[in-house]
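Grab a pencil and work through a few exercises on the fold shown here. Try each task yourself before you read the solution.

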Amino acid sequence: MNFLAHVHLSQDNEDVIFGNFIADAIKGKSYLVYRNDIVTGILLHRDIDTFTDRHVIVKRSRNRIREHFGKFSGIVVDIYYDHFLARNWYKYHNQELARYSSYIYMILAKRFLLLPNRTKRLLPFLIGQNWLVGYANFVDLDRVFGGMNRRTGRISGMENAVKILRENYDYLYLDFVEFYSELESYSRHRLLEINQNSSK
């Protein structure tokens with residue numbers, strides 16, 4: 001899953017949200033320098049990624065587009081799923097997406113000094129281009145994919161990602177709906193387990 005899904009699945013603890021957001025930049029057990037709730041977010045992120053990567057529905061989505069993106073199919077599907085979440089946000093959260101996104105940016109900005117260097121470089125683009133809201137529309141989504149394609153040396157095929165999404169929209173959306181309900185349930189239970197283990 002990508003940025004929007006990860007923060008959404010963190011529920012309402014700001015430190016858990018922060019940890020979940022930075023987790024990709026935290027390797028091995030280097031997370032141990034952070035306070036408990038941030039560690040919880042990092043561990044939750046890793047569990048979400050493992051659950052997602054192994055899930056049959058996600059594999060089905062990747063197979064739908066594999067001929068176009070090859071080894072990058074997983075990354076593309078992660079962003080497609082964020083698009084579906086953003087586009088249908090009202091079904092998953094009671095706060096309007098623009099307000100929620102501003103809240104997430106505030107959480108990250110006020111903890112800027114705690115961000116890993118990789119995330120510090122990313123954050124101005126995330127906020128300046130309002131990625132969390134932009135995932136919902138094809139113009140901003142195309143810009144996100146264009147930037148990622150450049151970072152892969154233009155070998156990913158992601159310049160065509162929005163076109164392929166349009167061509168497979170209904171099937172991919174149904175995959176997302178089916179999968180995300182399972183992921184929400186898994187994340188709620190896993191967050192409880194992590195919190196219980198950390199309090200022992």
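The exercises below go from the whole chain to one helix, one residue and one pocket.

This is a predicted model, in which local features need pLDDT of at least 70, side-chain atom pairs count only at pLDDT 80 or more, and totals for chains, interfaces and linings use all residues. Residues are numbered from 1 along each chain as its sequence is written, and side-chain values use heavy atoms, with hydrogens and water left out.

**Exercise 1. Work out whether the radius of gyration of the chain agrees or disagrees with that of a compact globule.**

Step 1: take the rule, 2.2 Å times the number of residues to the power 0.38, with the radius taken over C-alpha atoms.
Step 2: for 200 residues that gives a value near 16 Å, and the chain has 16 Å, so the two agree.
Step 3: look at the C-alpha trace, which spans about 50 × 35 × 35 Å along its principal axes.

**Exercise 2. Describe the secondary structure of the chain, then check the span of α11.**

Step 1: count DSSP runs, with helices being H or I of at least four residues and strands E of at least two, numbered from the N terminus. You get eleven helices and zero strands.
Step 2: α11 covers residues 169-198, which is 30 residues. Multiply 1.5 Å by one less than the number of residues, and the expected span is 44 Å.
Step 3: the end C-alpha atoms are 41 Å apart, which agrees.

**Exercise 3. Place Thr52 in the fold and say whether it is buried or exposed.**

Step 1: find Thr52 in helix α3.
Step 2: its relative accessible area is 1%, so Thr52 is buried (under 20%; exposed is over 50%, partly exposed in between, with a 1.4 Å probe and protein chains only).
Step 3: list its contacts (heavy atoms within 4.5 Å). Leaving out residues up to four places away in sequence, Thr52 touches Met1, Val58, Asp78, Phe179 and Leu183.
Step 4: go back to α11, where Phe179 and Leu183 are among the buried residues.

**Exercise 4. Say which helix gives the largest share of the lining of the largest pocket.**

Step 1: define a pocket on a 1 Å grid over the protein atoms alone: an open set of points where a 1.4 Å probe fits, with protein on both sides within 12 Å along at least five of seven lines; lining residues have an atom within 4 Å of a point.
Step 2: the answer is α9, with six residues.
Step 3: of the 33 lining residues, Phe3, Arg118, Leu122, Met148 and Arg151 are the closest to the pocket's centre.
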